[in-house]
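Dear colleague,

I am handing over the structure we spoke about, together with some notes on what was found in it. Please look through it first and then read on.

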Amino acid sequence: MTARKPSRKAPAPTEVPQVPLLTPDGTLPPAAPAEVDTPPSSEPAVPDASAKRKKPAGKRAAGTGDGGPSPRPRRGAGSQGVRQARPLDDDDRARLLHGEHHAPHDLLGAHMVRGGVTFRVLRPYARSVTVLAKGLRAQLHDDGDGLFSGLLPMPSLPEYQLLVAYEDNEIEVQDPYRFLPALGDLDLHLIGEGRHEELWTALGAQPMQHQGVAGTRFTVWAPDARGVRVVGDFNYWDGSGFPMRSLGSSGVWELFLPAIGEGVLYKFDICRPDGSHTTRADPMARRTEVPPSTASIVTASHHEWQDQEWMAHRGDLPVHEAPFSVYEVHLPSWRPGLTYRQLASQLPAYVRDLGFTHVEMMPVSEHPFGGSWGYQVTGFYAPTSRMGTPDDFRFLVDALHRAGIGVIVDWVPAHFPRDDWALAEFDGRPLYEHSDPSRAAHPDWGTLEFDYGRKEVRNFLVANATYWCEEFHIDGLRVDAVASMLYLDYSREDGEWSPNERGGRENLDAVAFLQEMNATVYRRNPGVVTIAEESTAWNGVTRATHHVGPDGFGGLGFGLKWNMGWMHDSLQYVSKEPVHRKYHHNEMTFSMVYAYSENYVLPISHDEVVHGKQALVSKMPGDWWQRRANHRAYLGFMWAHPGKQLLFMGQEFAQGAEWSEGHGPDWWLLDPSYEAESDHRGVRDLVRELNAVYAATPALWQRDTVPEGFAWVDGTAAEDNVFAFLRFDADGAPLLAASNFSPVVRHEYRLGVPPSVSAWAEVLNTDAARYGGGDVLNPDPLKPESVAAHGHRTSVQLTLPPLATVWLKPV
């Protein structure tokens with residue numbers, strides 16, 4: 001709304017003589033003579049006990065809201081005993097009405113002046129405003145443009161309320177401008193330092209009791225704004241009467257609104273440096289409207305957690321020395337149409353039945369476009385409202401924990417979209433994004449990159465990481481697009497980027513941010529793991545931040561890193577016809593050259609089964625039987641390979657179609673009425689068995705990150721398309737894994753084994769009939785022979801099924 005210019009000025013009052021404050025019957029005495037003539041009132045000030053008021057009508061009864069436009073009474077009507085207050089300075093008045101004033105509390109509310117107390121109220125569209133206090137009822141003068149004021153001869157500031165009359169109703173409200181700031185000095189100091197690790201408790205909309213009154217404190221960081229006002233459904237999205245105050249050099253604006261509580265919709269009306277206005281959602285909003293609506297919602301948590309046992313023990317084993325197999329899900333499409341609470345009745349049971357240790361959720365932060373899958377975030381502190389409230393999401397996490405399943409969420413601190421109601425140029429200038437346009441624009445996604453060198457922006461993101469862990473009991477953060485953060489020349493040509501102060505291409509600000517984020521998360525949340533999606537050979541992604549590497553950088557401090565190289569190489573290999581695989585043999589073995597440079601996760605993620613890349617089973621060559629066999633053999637190889645496992649939904653039952661967020665997995669493939677149902681159910685049964693044997697076999701996870709946990713038996717059998725290796729647990733107990741990626745049975749295939757094992761038994765075979773295979777098995781224990789092979793003086797002969805992986809353990 002465009003503010004109106006003042007229609008007229010009230011003349012300045014003369015010096016007020018000292019007079020008695022209240023008469024014995026509780027009314028104000030007649031006003032002392034002054035130069036200003038005040039017309040007599042038909043409604044004198046009377047004691048509060050005799051006040052007769054209408055009941056508030058409609059939504060306005062909620063508290064701070066305003067009614068619609070109505071004609072105003074003539075100035076001074078109903079103001080006997082209330083003297084004219086000194087008029088506002090022209091500049092102050094204009095700035096206040098235009099939403100440009102940095103200190104509205106200095107002008108509005110009640111203030112001690114010579115001769116008493118000045119009351120000034122900004123209530124656009126009101127017909128009259130009356131001050132109510134103990135033993136007092138005094139109608140203020142109408143100063144025009146929604147401003148009302150008066151001078152009362154009182155010795156101190158009273159506790160008071162306002163009776164605001166509109167054309168069709170009256171409401172009794174608290175005056176927001178009588179309250180002290182509801183944000184403490186320590187909060188402001190920490191925000192100024194960029195070190196507020198619980199930033200969500202200081203900024204945003206916080207329901208609270210303040211000075212004995214219930215309401216909501218609104219705070220927002222907008223250092224370049226000329227003024228900020230709160231708008232919402234409680235004031236018909238007209239913030240004219242609700243300007244916020246600037247809290248000094250912190251850049252924080254604050255306003256406590258009495259009687260505003262949970263469920264209220266709100267935004268911030270920001271006056272930019274050029275005087276124009278923009279309406280923005282709260283960057284710290286903890287709940288939002290369902291997209292495409294964009295308002296923020298006042299909220300507070302009432303969830304009572306029941307996962308105490310999980311939280312107490314989740315850090316008993318370091319993640320890299322524990323079983324860790326992850327089921328990746330896109331929550332909105334896993335079972336389309338389900339709410340968080342409905343998902344809580346299905347997802348934990350499903351994941352637990354399959355034996356996965358963790359669920360990884362694609363980003364659950366609020367995002368306007370569902371087709372972005374959550375990777376273009378506008379509400380970093382709000383779980384998407386598409387499936388329910390923040391407490392509903394807590395309920396889902398709680399249910400997963402009580403089922404013994406850890407929860408990882410994808411977290412996106414690399415960039416944000418340009419929506420003009422969200423973070424982009426939030427207060428009229430680059431704020432969350434870098435001020436250099438060449439640094440701000442993300443070349444791949446049309447988004448904006450965060451300014452990691454600005455301490456407040458870094459604080460916003462670091463606190464956000466801890467927020468998810470502490471407010472939602474999240475067990476891990478998978479950090480998206482780390483490579484795009486680390487390099488100044490990422491997806492940029494020569495001339496499109498500038499070197500850092502060392503002359504290199506590393507983004508030093510991003511490095512410092514990631515180190516601070518990881519150090520803070522691990523310090524505050526024992527048992528939580530951070531995981532980097534980092535696709536380059538950056539040194540020290542999972543090295544401690546205080547350990548400096550040969551490149552002169554400390555480690556980034558992540559717990560785990562996605563092994564993108566293994567993913568691309570291995571998928572390239574299995575997509576080849578078996579006759580050609582011998583020429584690509586090293587694509588399956590190369591990962592062991594660098595396997596211990598980081599702590600790795602082996603991901604078959606959503607990125608690999610969309611946009612023409614085909615589902616996992618459809619990448620495989622051959623007929624339907626061969627594709628499924630390749631699929632099963634590949635999973636067996638993956639679960640035995642050093643590193644943790646991650647599998648995207650739908651791949652656990654060999655879905656043939658690419659994933660689409662529009663309909664999710666093809667669950668109908670598991671319908672008993674479908675003729676090929678057994679083919680898909682067999683693959684799912686294999687995944688369940690892989691997880692069961694994996695969890696029960698420390699050799700497959702206990703020494704994932706040290707060379708002592710692995711030894712090749714034969715990594716050079718390219719002509720046979722065979723890979724065989726040993727895994728060892730901390731006590732040296734082995735597991736033998738052999739994969740045959742050719743479509744022929746290999747009888748009496750000799751593999752060298754340690755002489756300390758007297759017999760080997762098959763514990764898993766991906767060719768078993770119950771998985772849909774040909775049932776070529778090794779049913780009897782295999783005893784080593786004194787025949788040297790592969791560097792061992794003893795060996796076994798076994799049958800390798802076609803397109804299959806077998807695991808053997810000591811009897």
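**Overall picture**

Of the 811 residues in the chain, 61% are buried. Please bear in mind that this is a predicted model, and that every value below was computed from it. The secondary structure comes to 16 helices and 35 strands, and the C-alpha trace spans about 120 × 60 × 45 Å along its principal axes. If one takes the contacts between residues at least 6 apart in sequence, 73% of them join residues at least 24 apart.

**Aromatic rings**

The structure holds 49 aromatic pairs. One of them is formed by Phe 393 and Trp 468, whose ring centres are 6.3 Å apart and whose planes stand at 85°, and the pair is therefore edge-to-face. Phe 393 belongs to helix α7 (residues 390–402) and Trp 468 to helix α9 (residues 455–471), so that this pair ties together parts that are 75 residues apart in sequence. Both partners are described as buried, Phe 393 with a relative accessible area of 0% and Trp 468 with a relative accessibility of 1%.

Rings also take part in another kind of arrangement, in which Arg 335 is involved twice: its charged end sits over the ring of Trp 334, 5.3 Å from the centre of that ring, and it also sits over the ring of Trp 667, 4.1 Å from the centre.

**A sheet of five strands and a helix packed on it**

Five strands, in the order β29-β30-β31-β35-β33, form an open sheet with antiparallel pairing. The edges are taken by β29 (710–714) and β33 (760–765), and because each of these has a single partner strand, one side of each is left without a neighbour in the sheet. On average, and with direction ignored, neighbouring strands of this sheet are turned by 25° against each other.

Within the sheet, strand β30 (residues 722–728) pairs with strand β31 (residues 734–740) in the antiparallel sense over seven bridges, and Phe 728 has Pro 734 in β31 as its bridge partner. Helix α15 (residues 624–640) packs on the sheet, where it touches β30, β31 and β35 (804–810), and the direction of the helix makes about 40° with that of β35.

**Two buried residues in loops**

What surrounds His 641, which is placed in the loop between α15 and β28 (644–648)? With a relative accessible area of 3%, His 641 is buried, and a polar contact of 2.8 Å joins its side chain to that of Ser 591. Once its neighbours within four places in sequence are left aside, His 641 is in contact with Trp 566, Ser 591, Met 592, Leu 602, Phe 725 and Arg 727.

Asp 704 is found in the loop between α16 (677–695) and β29, and at 4% relative accessibility Asp 704 counts as buried. The side chain of Asp 704 makes a polar contact of 2.8 Å with the side chain of Arg 727, and a polar atom of the Asp 704 side chain lies 3.0 Å from the backbone nitrogen of Gly 643. Apart from neighbours within four places in sequence, the residues in contact with Asp 704 are His 320, Tyr 596, Pro 642, Gly 643, Lys 644 and Arg 727. Arg 727 thus appears in the list for His 641 and in the list for Asp 704.

With kind regards

Definitions and conventions
Residues are numbered from 1 along each chain as its sequence is written. This is a predicted model: local features need pLDDT of at least 70, side-chain atom pairs count only at pLDDT 80 or more; totals for chains, interfaces and linings use all residues. Side-chain values use heavy atoms; hydrogens and water are left out. Rings of Phe, Tyr and Trp (its six-membered ring) pair if their centres lie within 6.5 Å; planes under 30 degrees apart count as stacked, over 60 as edge-to-face and the rest as tilted. Helices (H or I, at least four residues) and strands (E, at least two) are DSSP runs, numbered from the N terminus. Buried means under 20% relative accessible area, exposed over 50%, partly exposed in between (1.4 Å probe, protein chains only). A charge sits over a ring if NZ of Lys or CZ of Arg is within 6 Å of the ring centre and within 35 degrees of the ring normal. Two strands pair if DSSP finds at least two bridges between them. Axes are lines fitted to C-alpha atoms, for helices over the stretch in contact, and angles run from 0 to 180 degrees between N-to-C directions. Contact means heavy atoms within 4.5 Å. A polar contact is a pair of N or O atoms within 3.5 Å; within protein, one must be able to donate a hydrogen and the other to accept it, and residues adjacent in sequence count only if both atoms are side-chain atoms.
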